[in-house]
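Grab your viewer and work through these exercises with the structure open. Each one gives a task, then a solution in steps.

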Amino acid sequence: MLKSMRSILSSLLTHKIKLLSLVLFLTTTTEVASSFSNKTDRLALHSFRELIAEDPLGSLSSWNNSLELCEWHGVTCSRKHQRVVVLDLRGKLLSGILSPFLGNLSFLRSLYLQNNRFQGKIPLELSRLFRLQHLNFSSNSLQGEIPTNLSNSLSIISLSYNDLVGKIPADSFGSLSNLTYLDLFSNNLIGGIPPSLGNLSLLQIVDFGTNSLTGNIPHSIGRLSKLDYFGVGSTKLSGTVPPKLYNISTLRQLIISNNLLTGNLPQDIGLTLPNLILFSVGDSQIWGPFPVSLSNASKMRTLDLSSSNLSGPVPFDLGRMMKDLKWVTLGGNNLGSGDASDLKFIDSLTNCSKLETLGFNENGFGGVLPNSIANLSSHLNSLVAGRNQLAGNIPVGISTLVNLAALGLEENLFSGDIPFEIGKLRNLELVSFGKNKLSGPIPESIGNLTRIFEIHLDGNNFNGTIPSSIENIRGLQTLDLSHNFFTGRIPKIVGLFSTLTFMYLAHNSFIGVLPLEIGKLNNLQELDVSENKLSGRIPSILGNCLKLEGLFLEGNTFHGSIPPSFSSLKGIESLDLSRNNLSGQIPENLVALVLLKKLNLSFNNFVGEVPLQGVFGNMSMISLVGNKGLCGGIAEMQLPACPMSIKKGNRLGFKIIVPIACIIPCLSLMLLFVVFLRKRKQKNKSLTLPVIGDDFLRVALPERVMEIVDSRMLLEEPTEAENDAQNERVRPAKISECLVSLMRIGIACSAESPDKRMNIKDVIIGLMTIKEVFLGVGIHGRRQMRMRLTGEATKSATRGIDSTEDA
C-alpha cells in the first residue's frame with residue numbers, strides 16, 4: 001500500500017515538473033515573440049519619422065532609444081503584447097509623406113493624423129492593417145486615389161479636406177459592413193455615388209460635399225435607416241432626390257444645396273423628418289410651394305432654402321415651435337405676392353430667441369417692415385431684405401437690434417429719412433440702402449458706426465452735404481453715394497480713409513476742386529466722381545493711387561492738361577475724362593499703360609498728334625470725338641494728317657521754339673532796361689552825377705528786379721504743381737527767381753563785345769530750364785535751375801557781366 005502511494009506521488013511530481021517546464025517554455029517563447037514583434041513596430045515608426053520633413057512642435061522628440069516604444073508621444077500599446085494599437089498625432093503640424101511601413105503595424109486599430117500637412121499618396125500598404133477600425137487623415141494635402149481593399153474592420157473613414165482624385169471605390173467600400181462614418185468632403189473626386197453604400201446598414205454619417213461627383217443620388221441610400229447626416233452639397237449631382245430619403249426619421253442634417261438636383265419638397269417633410277436641425281437646399285433647382293409642415297420641425301437650427309424656385313406664402317407660424325432656430329435664409333425665390341400680409345411670419349420669429357441671421361431678399365414680398373422686427377432676437381447680426389417690394393419708412397425700432405452687423409434693404413420702395421437712431425447700431429459693418437426712395441440728409445449719427453466698412457446709399461433722393469462725422473469711420477472700404485442730390489464740396493476728410501477701395505460719388509451736384517487728399521488713398525481701386533459740377537485742374541497727386549483700376553471724371557468742368565503722373569497708374573483699366581474742358585496734348589506716356597482697355601477723352605479741347613501704340617492702336621478701346629485739334633492716329637480714327645511742324649520728328653524743335661517765342665518779349669524788355677541803364681550812365685558822366693555801373697548791376701540785379709515787374713504777374717492763376725503744393729509762399733519766390741534768371745541772361749546777351757556775349761546754346765538751355773520751373777517742375781527743377789544758371793549755363797553770362805563792369 002505504501003509502495004503504491006509512493007508510486008502515485010512520484011507520478012504526480014513528474015507530471016508537475018513537465019507541466020512547469022512547458023509553462024516556462026511557452027512563457028519564454030511568448031516573450032521572445034513579443035520582443036521581436038515590438039521591434040518590428042519600432043522599426044516601422046522609425047521609418048515613419050524619417051519621412052517627416054518638419055516637426056515644428058517637437059512632437060516626435062521623444063521617439064528615441066532612451067525610451068520604451070510605448071512611452072513615445074502619440075503611441076498607445078496593448079497591455080498584453082505591448083504592440084502599437086493607436087497612433088495619434090493629430091494637429092501636430094507635421095509635414096512630409098506617409099511611410100508605407102505603417103502597414104507593418106499589424107496590431108494598429110486607430111490611426112489619427114488629421115490636421116497636419118502631409119502630402120503625397122495614401123500608402124497602399126495600409127490594406128494590410130486588418131485590425132484597423134478608425135482612419136482619419138482629414139485636413140492634410142494628400143493626393144492620389146483612395147486605396148481599395150481597406151480593412152473590413154473599419155468603422156470610421158475621414159479623408160475630408162485633401163486633394164484626393166479618382167472615384168469612390170465602389171467594391172471595397174460596399175463591403176465595409178461595420179462602417180458608420182464616411183467623410184470625403186472637399187476633395188476632387190469624380191464619378192458617382194456607389195449604390196452599394198445602401199447595403200451598409202450601420203452607416204450614420206455620409207458627407208460627399210464639395211467634390212465633382214455626377215449622376216443621381218442612388219435610391220438605395222433610402223435604405224440607410226440609421227442615417228443621421230447626409231451631405232452632397234456643392235457637387236454636380238442631378239436628377240431628383242429619392243423620396244425615401246425624406247422618410248428617414250433619424251435624419252438630423254440634410255444638405256443637398258448647390259447642385260443640379262430638382263423636384264419639389266414634400267409638403268409633409270416637417271412631419272417625416274421631425275429631428276431635423278439643419279436643412280439646406282439652397283442654390284438648387286428644387287421647386288414647388290413652401291412646405292407648410294416645416295413649422296413642426298421644432299428642433300431646427302439652420303434653415304436654408306435660398307436661391308431655389310420655391311413659391312407661395314411663407315407659413316405665418318414658421319418660427320412658432322423653433323426655439324433653437326439660429327439661421328433662416330429664404331432669399332432668391334418666388335415667395336410672397338406683394339401683399340401687405342407677406343411678412344406676417346416675422347411675428348412668429350420673435351419666439352426664436354437665438355436667431356442670428358434672417359434673410360428673405362430677392363423675392364416678391366410686399367407691405368411694410370412690421371414693427372415686430374424690433375422684438376427679434378438681440379443676437380441678430382444679419383438682416384437682409386433687399387430686392388422686394390417693401391415700402392414705407394425704415395422702422396425706428398430697428399435700432400434695438402444692437403448686435404446687427406449687416407443691414408440690407410436695397411432695391412425696395414422705402415421712403416422718408418434714415419432714422420437718426422441708426423447711430424445706436426454700433427456693431428454695423430455693412431449698410432445697403434441703395435435704389436429706394438429715401439430722402440433728406442445723411443444723419444450725423446452715422447459717425448457712430450465706427451466699425452462699418454461698406455456704405456451703399458446710391459440711387460435715392462438724398463440731399464445736403466456729406467456729414468463731417470463720417471471721418472470717424474476710419475475702416476471704410478466702400479462708399480457709394482452716387483445718383484443722389486448731394487451738394488457742396490467733397491470733404492478733405494476722405495483722405496483719412498486709408499482703407500478705402502471703392503468711392504462712387506457720381507451723378508450728384510458736388511462743386512469745387514477734387515481734394516488733393518484723395519492722393520493719400522493708397523488702396524483705392526475705383527474712383528467715380530462723374531456727372532457733377534467739379535472744376536479746377538485734375539490733381540497730379542492722383543498718380544499716387546497706384547492701385548487704381550478705374551478712374552471716372554467725365555461730365556465735369558475740369559481744365560488744364562492730363563497730369564503726366566498718370567503714367568504711374570500701371571494697373572489702370574478704365575479711364576474716362578470725357579466732357580470736360582481739358583486741353584493740351586495727349587501724353588504719349590499713356591501708351592505704356594498696358595492694362596488700359598477703355599480710354600474716353602471725347603469732347604474736350606485736346607490738340608496735337610494722337611499716339612499710335614498701346615490703347616491708341618485699338619479703335620474699340622478709345623474714344624476721341626469732339627476734339628477738333630487732334631490729328632494723326634490710326635487710320636480708323638479718320639483724323640486729319642498732322643502738319644510737319646508737330647510731327648513726332650519735329651517735336652524737339654516745337655518744344656524749343658514755343659518757349660523761346662513766349663520768352664522773347666520778356667527778354668526784349670530786359671535788354672531795353674539794360675540799354676536804358678547804360679545810356680543813363682553815359683549821359684550822367686558830363687553832369688558829374690553818381691555813375692550807375694558795376695556795383696549797381698551786381699547789387700540791384702537780384703533784389704530790385706521786382707520793382708520794375710508788373711505786379712499783376714503775381715495774381716495769375718497758379719500752375720497745377722502749385723495747386724498741388726498749396727503753398728502760396730512758394731509761388732512768388734519761384735516767379736522772382738525765374739525773372740532774376742531771365743535778367744541775368746539778358747544782361748549777358750547785351751555785352752558790348754560780341755565775343756563776350758552769352759553763347760546762344762547756353763541761352764537756349766537757360767531759357768528751357770526757366771520754362772520748366774515756371775510751368776511746375778517743382779523743387780527739384782528749381783534746384784536744377786540754380787545749378788545750371790549759376791554753373792555751366794551762366795559762365796558766359798558771368799563773363800558778360802564782368803566785361804560790362806570792365807567797360
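Two strands count as paired if DSSP finds at least two bridges between them. Keep in mind that this is a predicted model.

**Exercise 1. Trace the five-stranded open sheet and find its edges.**

Step 1. Start with the strand order, which reads β12-β14-β16-β18-β20. The pairing in this open sheet is parallel.

Step 2. Now look for strands that pair on one side only: these are β12 (238–240) and β20 (334–335), the edge strands.

Step 3. Zoom in on one pairing. Strand β16 (residues 285–289) and strand β18 (residues 309–312) run parallel and are joined by three bridges. For a concrete contact, pick Gly288, whose bridge partner in β18 is Leu310.

**Exercise 2. How many salt bridges does a search of the whole structure find, and where do Arg83 and Asp41 sit?**

Step 1. The general idea first: side chains of opposite charge can pair when their charged atoms come close. The cut-off to apply is a side-chain nitrogen of Lys or Arg within 4 Å of a carboxyl oxygen of Asp or Glu.

Step 2. Run that over the whole structure and you get nine salt bridges.

Step 3. One of them pairs the side chains of Arg83 and Asp41, at 2.8 Å from N to O. Arg83 is in the loop between β2 (75–77) and β3 (84–88), while Asp41 belongs to helix α1 (residues 2–50), so to speak a link between distant parts of the chain, 42 residues apart.

Step 4. Check the surroundings: Arg83 and Asp41 are both buried.

**Exercise 3. Which parts of the chain does the Lys354–Asp324 salt bridge tie together, and are the two residues buried or partly exposed?**

Step 1. Take the distance: the closest N and O atoms of Lys354 and Asp324 are 3.0 Å apart.

Step 2. Place the two ends. Lys354 is in the loop between α4 (345–348) and β21 (357–359), and Asp324 is in the loop between β18 and β19 (327–329), so the salt bridge ties together parts that are 30 residues apart in sequence.

Step 3. For the accessibility class, the partly exposed range lies between 20% and 50% relative accessible area. Lys354 comes out at 38%, so it is partly exposed. Asp324 has 27%, so it is partly exposed too.

**Exercise 4. Find the network that Arg387 and Glu411 belong to.**

Step 1. Begin with the pair itself: the side chains of Arg387 and Glu411 form a salt bridge, 3.4 Å from N to O.

Step 2. Locate both ends, which are in distant parts of the chain, 24 residues apart. Arg387 is in the loop between β22 (382–384) and β23 (391–392), and Glu411 is in the loop between β24 (406–408) and β25 (413–416).

Step 3. Arg387 has a relative accessible area of 41%, so it counts as partly exposed. Glu411, at 33%, is partly exposed as well.

Step 4. Follow the shared partners: Glu362, Arg387 and Glu411 are joined by salt bridges into one network.

**Exercise 5. Inspect the positive phi values of Asn258 and Glu531.**

Step 1. As background, most residues other than glycine have a negative phi.

Step 2. Asn258 has a positive phi near 55 degrees. This residue is in the loop between β13 (253–255) and β14 (260–264), and its relative accessible area of 39% makes it partly exposed.

Step 3. Glu531 also has a positive phi, about 55 degrees, without being a glycine. Look for Glu531 in the loop between β34 (526–528) and β35 (533–537). At 23% relative accessibility, Glu531 is partly exposed.

**Exercise 6. What lines the second largest cavity, and how do the lining residues split by class?**

Step 1. Rolling a probe the size of a water molecule over the atoms shows where empty space is left.

Step 2. The whole-structure search turns up two cavities of 30 Å³ or more. The second largest has a volume of about 50 Å³.

Step 3. List its lining: Ile418, Ile422, Val431, Phe433, Ile442, Pro443, Ile446, Leu449 and Leu457.

Step 4. Sort that lining by class and you get nine nonpolar, no polar and no charged residues.

Conventions: Residues numbered from 1 in each chain as written. Predicted model: local features only at pLDDT ≥ 70, side-chain atom pairs only at ≥ 80, totals over all residues. Heavy atoms only, no water. Helix = DSSP H or I, 4+ residues; strand = E, 2+ residues; numbered from the N terminus. Buried < 20%, exposed > 50% of the residue type's maximum accessible area, 1.4 Å probe, protein only. 1 Å grid on protein atoms, 1.4 Å probe; cavity = no way out; pocket = protein on both sides within 12 Å on 5 of 7 lines; lining within 4 Å. Points joined across faces, edges and corners; volume = space filled by probe spheres on them. Nonpolar A, V, L, I, M, F, W, Y, C, P; charged D, E, K, R; others polar.
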